[in-house]
Amino acid sequence: MYAKISHNLNRILTFASKFNPLIIAVSKYYTVNEMREAYKVGLNNFGENRVLDAIEKINLLEEEITSKSHYHLIGHLQGNKVKKAVGVFDLIHSVDSLKLAAEIDNVAGQKGIVQKILIQINNAGEEQKSGIAPSQLESLIEKIKGLENISLEGLMTIAPLTDDEILLRKLFREMRKLKEEFHLKELSMGMSNDYKIALEEGATMIRLGRTLFE
């Protein structure tokens, strides 16, 4: 397993290293043992979709790994899971409403921390996916600025599952323009099937599962 992940990472880095992205190992479908192997090859950013699953895995990992790793919530965050998520995840990628941001801010304040977040954008307009429309971004950013216990780091998107490179480039380019327009630092976009295009169009974080672990 170690050799497989190491081989996959080297292949990914052959392309990705010139862009210097943060590589998030999406461990949501993989075991604690596979997370250990990923850590051994130098990966220490892990992406999970479900809060309780992530906490269970973190509790099973050795202290040496957890103390040196960073955890990313890349799935939708339900309001009733905010208390458990804040402070466990270094970065919450999926904030898509003022209500959710305010809940995160409130819990972070109670815990005496500042929670880093990204705003999720659904610029493909896919009904089944979370995220706000680009037209709503300016208003949401202005309101989030008033929350003291949140640090808005950037934007996130999940592109459609498609082989249409022209469409993907268009969507990723739109995201980069939004990031630049609002002077944000991070842009989380690109997964196993489209990370190369995402990097070429300005991603600073890529979220890789299958292409890394399988």
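**Salt bridges in the predicted model**

The structure holds 13 salt bridges. The model is a predicted one. Three pairs are set out below, followed by a network of linked partners.

**Arginine 169 and glutamate 201**
- Arginine 169 forms a salt bridge with glutamate 201, and their closest N and O atoms lie 2.9 Å apart.
- Arginine 169 belongs to helix 8 (residues 165-181), whereas glutamate 201 sits in the loop between helix 9 (195-200) and strand 8 (205-208), so this salt bridge ties together parts that are 32 residues apart in sequence.
- Both arginine 169 and glutamate 201 are buried.

**Glutamate 174 and lysine 170**
- A salt bridge joins the side chains of glutamate 174 and lysine 170, with an N to O distance of 3.0 Å.
- Glutamate 174 and lysine 170 are separated by about one helical turn, because they are 4 residues apart in helix 8.
- Glutamate 174 has a relative accessible area of 28% and is therefore partly exposed.
- Lysine 170 is likewise partly exposed, with a relative accessible area of 45%.

**Network of shared partners**
- Glu165, Arg169, Arg173, Arg176, Glu180, Glu200 and Glu201 are joined into one network by salt bridges that share partners.

**Glutamate 142 and lysine 145**
- Glutamate 142 pairs with lysine 145 in a salt bridge whose closest N and O atoms are 3.2 Å apart.
- Glutamate 142 counts as partly exposed, because its relative accessibility is 47%.
- Lysine 145 has a relative accessibility of 61% and so counts as exposed.

Terms used:
Residues are numbered from 1 along each chain as its sequence is written. This is a predicted model: local features need pLDDT of at least 70, side-chain atom pairs count only at pLDDT 80 or more; totals for chains, interfaces and linings use all residues. Side-chain values use heavy atoms; hydrogens and water are left out. A salt bridge is a side-chain nitrogen of Lys or Arg within 4 Å of a carboxyl oxygen of Asp or Glu. Buried means under 20% relative accessible area, exposed over 50%, partly exposed in between (1.4 Å probe, protein chains only). Helices (H or I, at least four residues) and strands (E, at least two) are DSSP runs, numbered from the N terminus.
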